[in-house]
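Reader: I'd like to go through this one with you and ask where the labels come from. Could you show it first?

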Amino acid sequence: HSVGGWQISPIFEAQKGLPVTPTVNGNPANTTGAQRPNRIQDGNLPRDQRSPDRWFDVAAFTVPAPFTFGNSAASVLYGPGLVNLDLTVARTFKLTEKIALDFRSEFFNLFNEAHFDFPNTVVNTPNAARIGATSSSARQIQFGLKLVF
């Protein structure tokens with residue numbers, strides 16, 4: 001879009017959270033590979049109850065008895081989604097007939113939203129259901145000038 005000679009270029013992105021699989025620490029089934037817990041209820045929290053300190057309900061999962069497999073399916077929990085807006089604002093200024101100055105400013109994560117990483121899905125650890133990092137950086141702004149002749 002162009003407004004008064006200024007070019008505005010937004011990039012909007014919205015993603016649903018990706019599925020993640022709960023696991024247990026240790027090897028109750030005495031086999032190789034990650035082991036899943038028993039699932040006794042849903043485990044996904046309503047949106048208004050989720051936070052980086054408690055993304056899902058750890059009490060919905062238990063460690064299976066020795067030499068048994070847990071009954072939880074894969075991908076039963078959902079990680080955080082993402083909503084992001086990047087924006088470029090640019091304009092070319094004619095200085096003479098043959099010389100122009102291009103100006104652009106770029107805003108990444110314009111509204112400075114926290115984009116959370118996946119939660120810890122190992123249900124029998126102290127940090128279970130906690131998110132310890134973000135998956136992208138905070139707002140970044142850059143400016144550029146280019147002399148065209």
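Author: Buried means under 20% relative accessible area, exposed over 50%, and partly exposed in between (1.4 Å probe, protein chains only). By that cut-off, 30% of the 149 residues of the protein chain count as buried. This is a predicted model, where local features need pLDDT of at least 70 and side-chain atom pairs count only at pLDDT 80 or more, while totals for chains, interfaces and linings use all residues. Residues are numbered from 1 along each chain as its sequence is written, and side-chain values use heavy atoms, with hydrogens and water left out.

Reader: What makes the protein chain more spread out than a compact globule?

Author: Take the radius of gyration over C-alpha atoms and set it against the globule rule, 2.2 Å times the number of residues to the power 0.38. The rule gives 15 Å for 149 residues, but the protein chain has 24 Å, well over that, so it is more spread out than a compact globule. Its C-alpha atoms fill a box of roughly 80 × 30 × 20 Å along the principal axes.

Reader: How many helices and strands are there?

Author: Zero helices and nine strands, counting DSSP runs (H or I, at least four residues, for helices; E, at least two, for strands).

Reader: Which residues make up the largest nonpolar core?

Author: A nonpolar core joins buried Ala, Val, Leu, Ile, Met, Phe, Trp, Tyr and Cys residues through side-chain atoms within 4.5 Å. The largest has nine residues: Val 20, Val 24, Phe 56, Ala 60, Phe 61, Val 76, Leu 77, Val 123 and Ala 129. A second, separate core of five includes Leu 85, Leu 87, Val 89 and Leu 110.
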